[in-house]
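Subject: Structure handover

Hello,

Here is the structure I said I would pass on. My notes on it follow below.

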Amino acid sequence: RVNAELNSHIRSIMKQYGKSSIILPSDMMRSSQTFNQLFQGNGGEARRIGLLSYGKYTLFGKIQTSFVQQGTQFENLITADVALDICIIASDGGNIEESTTISQKGPGFSQYEAEQAALERIRQELSRQLPRLVQYL
């Protein structure tokens with residue numbers, strides 16, 4: 001699941017391109033299993049929770065972060081490796097219509113700094129890639 005800042009960025013890009021968006025009620029994603037099934041295009045799960053009542057398409061995002069302590073001349077340097085997986089599914093049948101992964105690295109002297117640097121690069125790349133993904137919605 002995508003953090004609030006990225007969620008807001010995605011929504012602003014969609015608005016910029018004339019696409020309306022809402023945030024699904026949190027009770028729809030009661031378990032990570034529900035989210036994972038939807039993310040993988042499980043049509044039965046999309047119908048079971050009534051996804052179509054929220055719109056013709058649903059955009060899902062999942063973020064993963066890992067950290068590496070660098071063994072270089074910068075002894076305390078940490079690198080965050082952040083991957084944002086996005087998929088757009090047809091709400092009626094759960095079919096995956098479009099998907100992409102955006103991966104970026106970010107340096108910092110704490111995990112927080114490194115992650116924020118990587119997330120800023122993700123936001124920049126989202127600004128380039130998301131319009132292509134949502135153009136047919």
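A residue counts as buried when its relative accessible area is under 20%, as exposed over 50%, and as partly exposed in between. The model is a predicted one, and the values below are computed from it.

Thr-79 belongs to strand 2, which spans residues 78-90. With a relative accessible area of 16%, Thr-79 is therefore buried. Leaving aside residues up to four places away in sequence, Thr-79 touches Ser-66, Phe-67, Val-68, Gln-70, Lys-105, Gly-106 and Ala-114.

Glu-97 sits in strand 3, residues 96-108. Its relative accessibility is 35%, so Glu-97 is classed as partly exposed. From the C-alpha atom of Glu-97 to that of Ile-122 is 22 Å, and the two residues are 25 apart along the chain.

Ile-122 also appears in a helix pair, as one of the residues of helix 4 that meet helix 1. Two packed helices are described by the angle between their axes and by the distance between those axes. For helix 1 (residues 4-16) and helix 4 (residues 111-134), the angle is about 35° and the axes are 10 Å apart. The crossing of helix 1 past helix 4 is right-handed.

On the helix 1 side, the contact is made by Glu-5, Leu-6, His-9, Ile-10, Ile-13 and Met-14. Helix 4 contributes Leu-119, Ile-122, Arg-123, Leu-126, Ser-127, Leu-130, Pro-131 and Val-134. Of the residues in this contact, 10 are nonpolar, two are polar and two are charged.

Regards

Definitions and conventions: Residues numbered from 1 in each chain as written. Predicted model: local features only at pLDDT ≥ 70, side-chain atom pairs only at ≥ 80, totals over all residues. Heavy atoms only, no water. Axes fitted to C-alpha atoms, helices over the stretch in contact; angles between N-to-C directions. Helix = DSSP H or I, 4+ residues; strand = E, 2+ residues; numbered from the N terminus. Left-handed = near helix turned anticlockwise from the far one by under 90°. Contact = heavy atoms within 4.5 Å. Nonpolar A, V, L, I, M, F, W, Y, C, P; charged D, E, K, R; others polar. Buried < 20%, exposed > 50% of the residue type's maximum accessible area, 1.4 Å probe, protein only.
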